[in-house]
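This report looks at charged side-chain pairs and at the packing of helices. Please keep the sequence and the structure in view while reading.

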Amino acid sequence: MADKTTKVNLHKDGNVTISGNSRITEKEVEETRNAIIRDLDAVYHRIVKKMEPFQQAWASGPKLALAEAVYDGAKAGVSGWGEDFADFFKAETWQNMGHGVKNAAGDTWDLLSSNAIKTGKSIKESINGAIKDSDQLLNWSWYNHKYADMQNAIDAQVNAVIANAKSTVKTAEKDIEKAKKLYKYRQEILALPGAIAAGNPEPVQKFVETSLMDIDPELAKSIRYSPEFHQAIALLQDKDAGPAYITYAMLCYEAIPPNFYAYLATRGGSYLAIDLITTLILAFFTAGAALEARISLLIARIAASSKKVSKVIKAVEHAQAAFDAIISMIQDL
């Protein structure tokens, strides 16, 4: 049982100040941690379910799925979030990014499963379901799908769609500049999950103090000098908490195929993909006003784009439900 004492101070003016000193038991900590992991697990399974239509469209033909998504998004008047990104349709763009995502997810899982065996086993059983004979955590590989070998007819169709997909809504210059910087530092961003899982604060602090300071100085300062940041750094030493959060965040992120971003941000889909993963990672370190503002802006842009594009999407059923699920995921995480 927890050892709890309470001290009551009565002032001359009649006001009462109550101060307490409570020692939390290991059982209470474990119950709280398990409840959080159950919540994270529910978020993941909901995302996987809602992403099925986008996943099916991607699996049937990645390059065409991207082209159709960009075209429908542009037709709906969705902002391009960096319309000038010329490499958006190149296989290498998504394969390189996918390699980083897969490595980040693999690193976090390896560290979690070796350092927090009980927690890792619970997560693996939930994610892998009926598959019992694998020590690996099953994950998605949308980014690494081989879509370079397409028939000429398909390539011609894709090129025609790309040529006609011009967003009518221009992104604010400051937002484009911020998006480009996020993409510039994508390798550093993708290295953060592994650092969190390993309980290593140095790469995180360096990113906040240097790269994030270049991307978004206001956000960087608010995180670096927030009491929550120091608490989160201390929490990295907990072998369950950080790895469990980041493992589920990466699993949720992996479940979203690239064409999803293209619907919401046309040719700027890869910028949006990096923006999302950065937000999910930074949420571990602070709930401060600057991050709250960033999250609110991200949610508002996704909501506005999804409202437009869901009316014109033909290739994906129940698209609005998937868009809503992403907003809920951001809020929940």
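## Salt bridges in the model

In this predicted model, the count of salt bridges comes to seven. One of them joins arginine 46 to aspartate 332, whose closest N and O atoms are 2.6 Å apart. This pair links distant parts of the chain, since arginine 46 belongs to helix H1 (residues 26-50) and aspartate 332 to helix H16 (residues 319-332), with the two positions 286 residues apart along the sequence. Arginine 46 has a relative accessibility of 32% and therefore counts as partly exposed, and aspartate 332, at 45%, is likewise placed in the partly exposed class.

Another salt bridge brings together the side chains of glutamate 52 and lysine 49, with an N to O distance of 3.9 Å. Glutamate 52 is partly exposed, because its relative accessible area is 31%, whereas lysine 49 reaches 52% relative accessibility and so counts as exposed.

## A network of charged residues

Aspartate 216 forms a salt bridge with lysine 178, and the closest N and O atoms of this pair are 3.5 Å apart. Aspartate 216 lies in the loop between helix H9 (201-215) and helix H10 (217-224), while lysine 178 is in helix H7 (residues 173-184), so the pair ties together parts of the chain that are 38 residues apart in sequence. Is aspartate 216 buried or exposed? With a relative accessibility of 12%, aspartate 216 counts as buried, and its partner lysine 178, with a relative accessible area of 29%, is partly exposed. The pair also belongs to a wider arrangement, in which salt bridges that share partners join Lys178, Asp216, Asp275 and Arg294 into one network.

## How helix H2 meets helix H3

Two packed helices are described by the angle between their axes and by the distance between those axes. For helix H2 (residues 52-60) and helix H3 (residues 62-75), the angle is about 125 degrees and the axes are 5 Å apart. Because of this angle, H2 is oblique to H3.

The residues that make the contact are Ala57, Trp58 and Ser60 on the side of H2, and Pro62, Ala65 and Leu66 on the side of H3. Sorted by class, this contact of H2 with H3 has five nonpolar residues, one polar residue and no charged residues.

## How helix H3 meets helix H13

H3 also packs with helix H13 (residues 258-265), here at an angle of about 20 degrees and with the axes 7 Å apart. Why are H3 and H13 described as roughly parallel to each other? The reason is that angles under 35 degrees count as roughly parallel, and the angle for this pair is about 20 degrees. The crossing in which H3 passes H13 is right-handed.

In this contact, Ala65, Leu66, Glu68, Ala69, Val70, Asp72 and Gly73 of H3 meet Pro258, Asn259, Ala262 and Tyr263 of H13. The residues of the contact divide into seven nonpolar, two polar and two charged.

## A buried glutamate in helix H12

Glutamate 254 is located in helix H12 (residues 241-254). Its relative accessibility is 2%, and glutamate 254 therefore counts as buried. Although glutamate 254 and valine 48 are 206 residues apart along the chain, their C-alpha atoms are separated by 9.4 Å in the model.

Methods
Residues numbered from 1 in each chain as written. Predicted model: local features only at pLDDT ≥ 70, side-chain atom pairs only at ≥ 80, totals over all residues. Heavy atoms only, no water. Axes fitted to C-alpha atoms, helices over the stretch in contact; angles between N-to-C directions. Helix = DSSP H or I, 4+ residues; strand = E, 2+ residues; numbered from the N terminus. Parallel < 35°, antiparallel > 145°, perpendicular 65-115°, else oblique. Contact = heavy atoms within 4.5 Å. Nonpolar A, V, L, I, M, F, W, Y, C, P; charged D, E, K, R; others polar. Buried < 20%, exposed > 50% of the residue type's maximum accessible area, 1.4 Å probe, protein only. Left-handed = near helix turned anticlockwise from the far one by under 90°. Salt bridge = Lys/Arg side-chain N within 4 Å of Asp/Glu carboxyl O.
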